[in-house]
Amino acid sequence: MTLQDAGFLALYVVVLLALAKPLGLYMTAVYEGRHTWLHPIVRPVERGIYRLAGVDEEREQGWKGYLIAILAFNLLGFLLLYVILRAQGHLPLNPQDFAGVKPSLAFNTAVSFMTNTNWQSYGGESTLSYFSQMVGLTFHNFVSAAVGMAILVALIRGLVRHSASTIGNFWVDLTRGTLYILVPLAFIVAIFLVSQGVIDTLSGYKSVTTLEGGKQLLAMGPVASQEAIKMLGTNGGGFFNANSAHPFENPTAWTNLVEMLAILVIPAGLVYMFGKMAGSTRHGWVLMGVMTSLLLAGAIVANVAEEAGNPNLDSSGVSQSASADQPGGNMEGKELRFGIGESTLWATVTTDASNGSVNSMHDSYTAIGGLVPLANMATGEVIFGGVGVGMYGMVLYIILAVFIAGLMVGRTPEYLGKKVGATEVKAVMVAFLSFALAILAFSAVASVDRFGTDNLANGGAHGLSEILYAFTSGAANNGSAFAGINANSTFYNLGIGICMLVGRFLPMV
Amino acid sequence: MRAITLHATWEAFRPLLTVTATLLVITAVIYPLAVLGVGQALFQHEANGSLVSVDGQTVGSNLIGQQFTEAQYFHPRPSAAGTGYDASSSGGSNLGPASKTLVDDVQQRVQAFITENDLPPGTKVPVDAVTTSGSGLDPDISPATAALEVNRVAKARGADPAAVQQLVDHYTAQPALGFIGEPRVNVLELNMALDKGFPVYKP
């Protein structure tokens, strides 16, 4: 690890932890319905929504009512996006005249955004119209994150309330998360991104004659607004095929830093909020410490592995050692402006959370370098984790740990004053096992026949990694890929779609 | 009786439909339009793609790499976007580290780089010059790569290599605060400056 990369990693972690407390306090206030400094502007809008919807914000739902509301909301959102994708040829804001998306791809994409996975079977600039991106995908980027946070808040209430049978009102939590937290943060981040060169325009693709006289067609679009929420909502589905490696999504080292912070800032804030609402900020900091250590471990391993370069190129006359005037290391699939350090940190962060955006191509990582994102996803993305979902994944681990520890010392296991009994542990195990089962069953089926293996870019052991990565990514709702796999086939679109559903909803239920 | 059922149905679905509709308007219409409006008003150049032009003719974007093959220009990294620097089809090669295609490609690119720049055989070529980027649209090369191309470019333009190297140094960006970002040279920017400082006759 170079001194430069170590400095950058330290900067990242310090800024992230510094932001966690103020944001966590703010979010606690929002979900507890207390006055915040945004109230004068947002409160009237919020009240208007409740009036229109006939929602009494004081009336809470039991867990069944809450869950039904979530499922109904997700189903409607899914149908909405599916219809938009299928019909985009007849909808406005389609300067490139893209036709409707075919059914299996539309299904995969709609499930993917609804479940906050954002797996990219589609190639943004060659498949989707501005309308699909702006209206269809942006909406899901916001609300799938707001749903994740709502679930966490409901879970916390369920844990800390000893007698009450209600866990809050889904419509209220959903509205508050969107209006007070996601929209304002996304707006600030988006404007910063535009100032650095992330494009945001509705004009069509721009054809230019290059300096040497060649032709180049520059893909355009309303990128900044989607980029901001794609990071903050740990969604990760890029406007362009190359995702955040694309210079129009991520043009400078500064946008790279801010986008990486945006991935983890809400999850880190939620950890603080968890401690606060559970009545023990100390417990929040303990969790934060565990997560930070795991983040650092992943980042350092990935960095060292990639900095060492690709041993298969040693004999080809390539210089892979870092110096003051070149980044060195394994640069296949990486952008020069990010080099090794800022690429590997991104790969770690994006899989710690369930973000799944990439600023370098994980498929071209060395064996150990590529193992870090895979391991992060396979543990269920609980290192800060996705917005809301990461923290409740962590709670599953805690319950299991408390149970085992309780057995070892021979007393009734308790967490936050609640007894952990057979029912709870059974539920936790079903969640864990369904996750592993979904990944392994689908990978096994995909490896044995041509409909699975025909789509691989790399044969042999690396090809198996591509398949395993794809289904892990789907089940963990991550959405990043060893992208050599051509996942846009009916089998993969449906298979990964089902994996995403299992990974998202089973633990919830 | 009928009216009551209808009313009850509406009440059951009312929160779902109205909350979805209002959040859709706020997040998918008002929010993107607000970003669009503010972005276009405050940062017009950046919001529209940081386009650059020569004699009033747009030649590309400062942020997006483009293909250069002629001897009098510095060359970008190899690209896996479409047939090379296709800015409507971004992407990387996605070749794994053990891929034979990758190893062969790199070997071939190293030889081509050495021949093209008339370097002594066995010269170690910087890794960025022979690998494709993640986007296929990387606008930059490393200063080390640029330095190896200076002699060829200077010769093609009948210019003094030291003067060309000076120009490269001028266009080399250093990491902010010493550790944010990487040392790099923007190829399009540098080539535009070359055309200005050391013009060649173009038929």
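**Figure 1. Strands S4(B) and S6(B), side by side in chain B.** In this predicted model, S4(B) and strand S6 (residues 184–186) of chain B pair in the antiparallel sense, with two bridges holding the match. To find your way in, start at Ile141(B): its bridge partner in S6(B) is Val185(B). Now widen the view a little, and you'll see that three strands of chain B make up an open sheet, in the order S4-S6-S5, with antiparallel pairing. S4 and strand S5 (172–173) of chain B are the edge strands, each pairing on one side only.

**Figure 2. A hairpin in chain A.** Here strand S3 (residues 206–209) of chain A runs antiparallel to strand S4 (residues 215–218) of chain A, and four bridges join the two. Pick out Ser207(A) and look across to S4(A), where Leu217(A) is its bridge partner. Five residues sit between S3(A) and S4(A) in this hairpin. One residue to click on in the turn is Gly213(A), which has a positive phi of about 100 degrees.

**Figure 3. Where a strand of chain A meets a strand of chain B.** Strand pairing also crosses from one chain to the other: strand S5 (residues 318–319) of chain A and strand S3 (residues 125–126) of chain B are joined by two bridges. These two strands run parallel. For a landmark, take Val318(A), whose bridge partner in S3(B) is Val125(B).

**Figure 4. The interface between chain B and chain A.** Stepping back to the whole contact region, 100 residues of chain B are in contact with 107 residues of chain A. About 8,000 Å² is buried between the two chains, and carbon and sulfur atoms give 66% of that area. On the chain B side, the residues that lose the most area to chain A are Tyr31(B), Asn94(B) and Glu182(B), which together make up 9% of what that side buries. Helix H1 (residues 2–42) of chain B supplies 22 residues, the largest share of the side that touches chain A. Sorted by class, that side of chain B has 50 nonpolar, 37 polar and 13 charged residues. How many salt bridges run between chain B and chain A? The count is zero. Polar contacts are another matter: 33 residue pairs between chain B and chain A make them, with both residues at pLDDT 80 or more.

**Figure 5. Thr132(B), a contact point with chain A.** Thr132(B) sits in the loop between S3 and strand S4 (140–141) of chain B. Is Thr132(B) buried or exposed? At 2% relative accessibility, it counts as buried. The side chain of Thr132(B) makes a polar contact with the side chain of Glu332(A), at 2.5 Å. Leaving aside residues up to four places away in sequence, Thr132(B) touches residues from both chains, including Met331(A), Gly333(A) and Lys334(A) as well as Arg77(B), Pro78(B), Ser93(B) and Arg109(B).

**Figure 6. A buried salt bridge and its network in chain A.** Over all chains, the structure holds 16 salt bridges. In one of them, the side chains of Arg176(A) and Glu46(A) meet at 2.9 Å, N to O. Arg176(A) belongs to helix H7 (residues 170–196) of chain A and Glu46(A) to helix H2 (residues 39–53) of chain A, so far apart in the chain that 130 residues separate them. Both Arg176(A) and Glu46(A) are buried.

**Figure 7. A salt bridge between a loop and a helix in chain A.** The side chains of Glu249(A) and Lys230(A) meet in a salt bridge of 2.6 Å, N to O. Lys230(A) is in helix H8 of chain A, while Glu249(A) is in the loop between helix H8 (223–232) and helix H9 (253–277), 19 residues apart. Glu249(A) counts as buried because its relative accessibility is 0%, and Lys230(A) is buried too, with a relative accessible area of 0%.

**Figure 8. A salt bridge between two helices of chain B, and a network in chain A.** Arg157(B) and Asp195(B) bring their side chains together in a salt bridge (2.9 Å, N to O). Arg157(B) is in helix H4 (residues 143–157) of chain B and Asp195(B) in helix H6 (residues 187–197) of chain B, so the pair ties together parts 38 residues apart in sequence. Arg157(B) counts as buried at 8% relative accessibility, whereas Asp195(B) is partly exposed at 23%. Back in chain A, salt bridges with shared partners join Arg43(A), Glu46(A), Glu57(A) and Arg176(A) into one network.

Technical notes
Residues are numbered from 1 along each chain as its sequence is written. Chains are lettered from A and ligands numbered from 1 in the order in which they are written. This is a predicted model: local features need pLDDT of at least 70, side-chain atom pairs count only at pLDDT 80 or more; totals for chains, interfaces and linings use all residues. Side-chain values use heavy atoms; hydrogens and water are left out. Contact means heavy atoms within 4.5 Å. Buried area is the accessible area (1.4 Å probe) that two parts lose on being put together, summed over both. A salt bridge is a side-chain nitrogen of Lys or Arg within 4 Å of a carboxyl oxygen of Asp or Glu. A polar contact is a pair of N or O atoms within 3.5 Å; within protein, one must be able to donate a hydrogen and the other to accept it, and residues adjacent in sequence count only if both atoms are side-chain atoms. Ala, Val, Leu, Ile, Met, Phe, Trp, Tyr, Cys and Pro count as nonpolar, Asp, Glu, Lys and Arg as charged, and the others, Gly among them, as polar. Two strands pair if DSSP finds at least two bridges between them. Buried means under 20% relative accessible area, exposed over 50%, partly exposed in between (1.4 Å probe, protein chains only).
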